[in-house]
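Biologist: I would like a close look at a single part of this model, described step by step and with care.

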Amino acid sequence: MAAPLQISFKDLSYSVDVPALRTVSHTRRVPAIKRVFTKQPTTPKTILHDLTGTFRPGRFTAILGPSGSGKTTLLNLLAGQLTTGTVTGNIWVNGRQTTAQGLHMLAGYVHQDDVILPTQTVQEAIDMSVILRPCISHLPLPIAMHEHDRPDTDLCGLAISTFELEGCKHTVVGDSITKGISGGERKRTAIAMEYVTDTHILFLDEPTSGLDAHSALLVAHQLKRIAMNSRTVVAVLHQPSSEVFALVDDLMVLSEGRIVYLGERHAFIPYFDNLGFPCPTYSNPADHLFNTVLFPTHFSQHDTLPLETSTTRSKILANAWAGSPDAVSVKCLVDRPELRPPTRSQLRRTVSLSKQLHYLVGRSTRNALRNPLVLYIRLVQSAILGLLFGFLFLNTNKRSAAIQTQNFSGALFLSCAAQYMLTLLAVVNAFASERPVFVREWQAGYYGLTAYFLAKNIVELPIQLCSPALYSVCAYWLIGFQRTAAKFFIYMVTCIALSVCGFAFGITLGAAFSSLSVILAILPAAIIPFLLFGGLFVNTGSSTVWLRWIQWLSPIKYGYAALSQNQYAGYVIDGMAVGNMYLDNLQLGGFSIGVNILFVFILAFVLWCASFLALWRLTMHGRGAFNRNTRRQVEADLLGPPDPCFSTPDAA
Ligand SMILES: Nc1ncnc2c1ncn2[C@@H]1O[C@H](COP(=O)(O)OP(=O)(O)OP(=O)(O)O)[C@@H](O)[C@H]1O
């Protein structure tokens, strides 16, 4: 039987560096250009101040507080989601000292903004959680059924009925462009996705915001039920109704990053009554907290604590809390925690790589087939482009020598540039919308980076092969390139290699920069030098010496060199070996066709590796530098003996 998990923290603080305000005189003194290039001075801003408290298992704890009081920050800190800033203080789980990374391995987290793949249906989204995040289920099993025989679909079905999602279970989640389920249904789906994993610690950021009164109560009831199953449930609640408030077991009230109350809900009213804030009969205690206690607007009626600003008020309330007997009780709970060790089964587990890969390939294929328009557009676009080039350079082989050399060169160069750039732009655009889903699902532990990367390539590869192949079929014969199967095949393989290169570069850019507008701003700078040194516009063999190296990085140059040799080597017009002469003039390097194509594939491979590294770097945010050794250490700390400070009766 797994032990319930108690989270305790002592003197927990969090600060970030924010730009320091500059005085007007300083701004006037320093020239604008100098200001741009000098590092902006920063100043530390403390967001959470010396928090000491505990979240107990079996209890539904609500964090309340005004906007900007640090509720989300505390939840993010405890769930290991913070990417910047400095954390000080101690965190324990069942008396084992740990970090946010340790809690990340134990806890489920429902974010304020749910990011769910928009093309999935509600049932598929919950099923994904059941399949990829295995758990020891808390659901009662039918008599005589062994744990191994537990059907996964039961879990999904139960979650759907628990969160009243039957009516929309086959509706796609949707996004701002494609309308899908409602905001409330999306929120309940996100909670259901965590619910099926039966995590022992569940953090939720505003799970009832945006829900109607009935749905908010339903969610609060389910959270209470989960907590009653010896789980630790901590939710940030925004203005809970009195019915929701009545379901809460414990309350933490934050104001400007300080605790002003932590303890049982029942003790909340008497506590503030003692401070001079009696809660009027028949009023919602949560409303009383916001309308009277935390803000000084009505405070002049009370002469016990003369406060002027909300900052002064929050400091006085925090000091009052720190000196109260209730705070001493909380400190006792922190100092005498639950000491039973967490078990390995409570740690976040992932299924095998093959299972992740199998699921992701299936999901991507399903999504591509469900939304075939994108696929059709890619294929139709390739066909139209091929036909356009074909008719533009129609039967070039029947023209004069001068026209042939000019037209063939243009057609070959445009083939290379188009295949590279079309794929690059399509991938950058598609990955921009996929990126946040990948990051969120990866952070939640649905799958690993390797599984995602392989699945993405497996699913995209057929498109990278089909689309340039279709373009080649449409363009090659109409233009009138040399009519042999071998030469056509070389042309097609070169186009495919350039398309693969564009694909890998697109993923690299998409993973390296979070904003599509930034990517679009740097794209011309990343593409134009490769086009200029592609071999058509400038004779690369005689270009400015110190710039010549750029040509060796240009996939377009290698592709153009391969295709030019393919077309011109031994090409005779009117009995003259014009082709070889023209090739000599172009000075495209001394490599054979095979070597040039190989170089395109090598560049594609380098970019492919770079795209993996860019994705890896992207995943380094959030969970922090969570490499295998750190993970082992965090696991060992969690599963090992308790912190020695708790082993003596007068601990800590
Ligand atoms: N990385 C950061 N850099 C600068 N300021 C930050 C950072 N993170 C949080 N803050 C500031 O810390 C304060 C607390 O933010 P937080 O999001 O935790 O508030 P909150 O209580 O959850 O508010 P809300 O209820 O509106 O969601 C805010 O003033 C916010 O601007």
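Which order do the strands of the open sheet have, and what kind of pairing joins them?

Modeller: This is a predicted model, and within it the open sheet consists of 6 strands in the order E6-E7-E8-E3-E9-E10, with mixed pairing. Strand E6, residues 107-110, and strand E10, residues 258-264, stand at the edges; each has a single partner strand, so one side of each is left without a neighbour in the sheet. On average, neighbouring strands of this sheet are turned by 15° against each other when direction is ignored.

Within the sheet, strand E3, covering residues 59-64, runs parallel to strand E8, covering residues 232-236, and the two are joined by 5 bridges. As one position along E3 and E8, Ile63 can be taken, which stands opposite Val236 in E8. Helix H3, residues 71-78, packs on this sheet, where it touches E3, strand E7 (201-205), E8 and strand E9 (250-255), and the direction of H3 makes about 150° with that of E7.

For a position described apart from the sheet, one can turn to Ser554, which is found in the loop between helix H19 (516-532) and helix H20 (555-568). Ser554 is buried, because 25 other C-beta atoms lie within 10 Å, and a residue counts as buried from 20 or more such atoms. Leaving aside neighbours within four places in sequence, Ser554 is in contact with Phe530, Phe533 and Gly534. Thr396, by comparison, is 158 residues apart from Ser554 in sequence and 27 Å apart in space, C-alpha to C-alpha.

Terms used:
Residues are numbered from 1 along each chain as its sequence is written. This is a predicted model: local features need pLDDT of at least 70, side-chain atom pairs count only at pLDDT 80 or more; totals for chains, interfaces and linings use all residues. Two strands pair if DSSP finds at least two bridges between them. Helices (H or I, at least four residues) and strands (E, at least two) are DSSP runs, numbered from the N terminus. Axes are lines fitted to C-alpha atoms, for helices over the stretch in contact, and angles run from 0 to 180 degrees between N-to-C directions. Two residues are in contact if their C-beta atoms, placed from the backbone, lie within 7 Å. A residue is buried if 20 or more other C-beta atoms lie within 10 Å of its own, exposed if 12 or fewer, and partly exposed in between; C-beta atoms are placed from the backbone.
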